[in-house]
Amino acid sequence: MGDERVGLVLSGAAARGPYQAGALSVLVPALREQGREPVVLLGTSSGGISATLLAQFADTGDDAGQHVADVWTGFGQVFDNPVLDDAGLRVVGRAFLAGSPWERLVGPVASLLDTAPLRRHAEEIFDADRVAAHVRAGRPETLAVAATVCPTDGAAARSRLFLLGREPVRPPDDPAVDVAAVDRIDLSHVLASAAIPVAFPPEYVAEPPRFRGYYVDGGVRLNAPVDAALACGVTRLVVVSGHSVGPPPSPTPVDAGSPPPDTAATAALSVRAVLTDGLADDLHALGLRNRWLEGVADVLPEDRRPYPRVPYLLVAPRDGQLARLAADTFRPSALPLDANSAVGRLLDALGDGLGRDELLSHILFDGEYAKQQVELGRAHAVQSLAAGWTYDPPGAA
């Protein structure tokens, strides 16, 4: 479409990745039909996985998004049963032996879950050479995944955008975001982007040498790299989120003496704030910027504007929708004999309401749940395409 440059941003969503993949299975052929195949692919966490797979399958044309969805629905087990591995026992052991001469006998744990199955499956599926070849051919021109570097001093972290291909035309606005140009996106970059803190172990990244170190999930600081996409010079933006993005409704007042929220509810609230608020703020700011540019069109010619208006297409579920879907499809065994049942039992100890379901929806890597998410993502993508591109903030009348 002339000088148009379309960017695709896939936010982090953990086990909600199949929802985004389902949306891609509809968006990819629709955008290609419009002549707007994305040339910039940016993703974080599960979105980083899907963005990389989309680049890997770029040579399959309209079917690329469906191939990504097929990977998610057929991936299988992601972590071992935490009841049967030694991480939990080591945590308990260190707690009781702290300060004693025997404390050194129990080493610290890097994570609560053993993700060896994830690594084995990813090694079978991921093809870094194929990804690199497609980026060199310009399909896409740019591929990047976001991760959060574990600091060696203090607790403040920086985000790193491991980027292959055409580099941004300007630096990111966030001074704590580094663009790390690489010769290839390898498995360590992808797993680092998806290393859920505490639950999954940090991932060591060796390339590029300047940025070598341990990393965790990019969603900690940069869950939706919208500004990075704009820095790459895109003129249209497609955003696929695993969380609702519109302004939340005002909650009902709570009377004194009412029971407080359980631990699952407050944890889910924190997770939601980390993973969603930044994206909502970015899209709101983009919408306000578009409105300002429209308002000054008569006095500020297009060739004198500091930046162009950027229309966007958003695909996202409604608030609580995937939480209810996870709860409806979860079928735990009577005993915690499999990984998902064990994690479900642990979440049950934190609460039994929507907060528990919200947390479950982020950690339930289950085939049936994945298939249901794919179908929901497909339906929402059809709706978004029918609504069309917008210049306005999310939820604007």
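Here are some friendly notes on this predicted model, point by point.

1. **The main nonpolar core.** A good place to start is the largest nonpolar core, which has 76 residues. The members that touch the most others are Leu27, Phe79, Phe162, Phe200 and Ile363. Helix 1, residues 17-34, gives the most to this core, with eight residues. Apart from it lies another core, of 26 residues, including Leu163, Cys232, Leu283 and Val310.

2. **Phe200 up close.** If you would like to look at one core residue, try Phe200. Not counting residues up to four places away in sequence, Phe200 touches Val78, Phe79, Ala110, Ser111, Leu113, Thr115, Leu118, Ala194, Ala195, Ile363 and Phe365. Two names in that list, Phe79 and Ile363, are also among the core members that touch the most others.

3. **Strand 1.** Is strand 1 buried or exposed? Five of the five residues of this strand (residues 6-10) are buried, so it is largely enclosed by the rest of the structure. Side chains in a regular strand alternate between the two faces of the sheet. Here Val6, Leu8 and Leu10 point one way, while Gly7 and Val9 point the other way, and all are buried.

4. **Partners of strand 1.** Strand 1 runs parallel to strand 8 (residues 236-240), and five bridges join the two. Within this pairing, Leu10 has Val240 as its bridge partner. Strand 1 also runs parallel to strand 2 (residues 40-44), to which four bridges join it. There, Val9 stands opposite Leu42.

5. **Helix 1 against helix 13.** These helices pack at an angle of about 35°, and their axes are 6 Å apart. Their crossing is right-handed. On the helix 1 side, the contact is made by Gly17, Pro18, Tyr19, Gly22, Ala23, Ser25, Val26, Leu27, Ala30 and Gln34. Helix 13 (residues 367-387) brings Ala370, Gln373, Val374, Leu376, Gly377, Arg378, His380, Ala381, Val382 and Leu385. By class, the residues of this contact are twelve nonpolar, seven polar and one charged. Leu27 of helix 1 appears in this contact as well as among the core members that touch the most others.

6. **Helix 10 against helix 13.** Helix 13 also meets helix 10 (residues 321-329). The axes of helix 10 and helix 13 come within 9 Å and cross at roughly 150°, and this crossing is right-handed. From helix 10 come Gln321, Leu322, Leu325, Ala326 and Thr329; from helix 13 come Glu368, Tyr369, Gln372, Gln373, Leu376 and His380. The contact holds five nonpolar, five polar and one charged residues. Gln373, Leu376 and His380 of helix 13 take part here and in the contact with helix 1.

7. **What helix 10 buries.** Which residues of helix 10 are buried? They are Gln321, Leu322, Ala323, Leu325, Ala326 and Thr329. Their cover includes helix 1, helix 12 and helix 13. Gln321 has a relative accessible area of 12%, and counts as buried because the cut-off is under 20%. Not counting residues up to four places away in sequence, Gln321 touches Leu376 and His380.

8. **Helix 12.** Nine of the ten residues of this helix are buried, so helix 12 is largely enclosed by the rest of the structure. The buried residues are Gly355, Arg356, Asp357, Glu358, Leu359, Leu360, Ser361, His362 and Ile363. You may like to note that Arg356, Asp357 and Glu358 are in that list. The cover over these residues includes helix 9, helix 10, helix 11 (339-348) and helix 13.

9. **Tyr307.** This residue sits in the loop between helix 9 (263-295) and strand 9 (312-315). At 33% relative accessibility, Tyr307 counts as partly exposed. Leaving aside neighbours within four places in sequence, Tyr307 is in contact with Arg289 and Leu293. Tyr307 and Pro332 are 25 residues apart along the chain, and their C-alpha atoms are separated by 52 Å.

10. **Ala137.** Last comes a residue in the loop between helix 6 (128-136) and strand 3 (142-149), Ala137. Is Ala137 buried or exposed? With a relative accessibility of 61%, Ala137 counts as exposed. Ala137 and Gly165 are 28 residues apart along the chain, with 9.6 Å between their C-alpha atoms.

Note on methods:
Residues are numbered from 1 along each chain as its sequence is written. This is a predicted model: local features need pLDDT of at least 70, side-chain atom pairs count only at pLDDT 80 or more; totals for chains, interfaces and linings use all residues. Side-chain values use heavy atoms; hydrogens and water are left out. A nonpolar core is a set of buried Ala, Val, Leu, Ile, Met, Phe, Trp, Tyr and Cys residues joined through side-chain atoms within 4.5 Å. Buried means under 20% relative accessible area, exposed over 50%, partly exposed in between (1.4 Å probe, protein chains only). Contact means heavy atoms within 4.5 Å. Axes are lines fitted to C-alpha atoms, for helices over the stretch in contact, and angles run from 0 to 180 degrees between N-to-C directions. A crossing is left-handed if the near helix is turned anticlockwise from the far one by less than a right angle, and right-handed if clockwise. Ala, Val, Leu, Ile, Met, Phe, Trp, Tyr, Cys and Pro count as nonpolar, Asp, Glu, Lys and Arg as charged, and the others, Gly among them, as polar. Two strands pair if DSSP finds at least two bridges between them.
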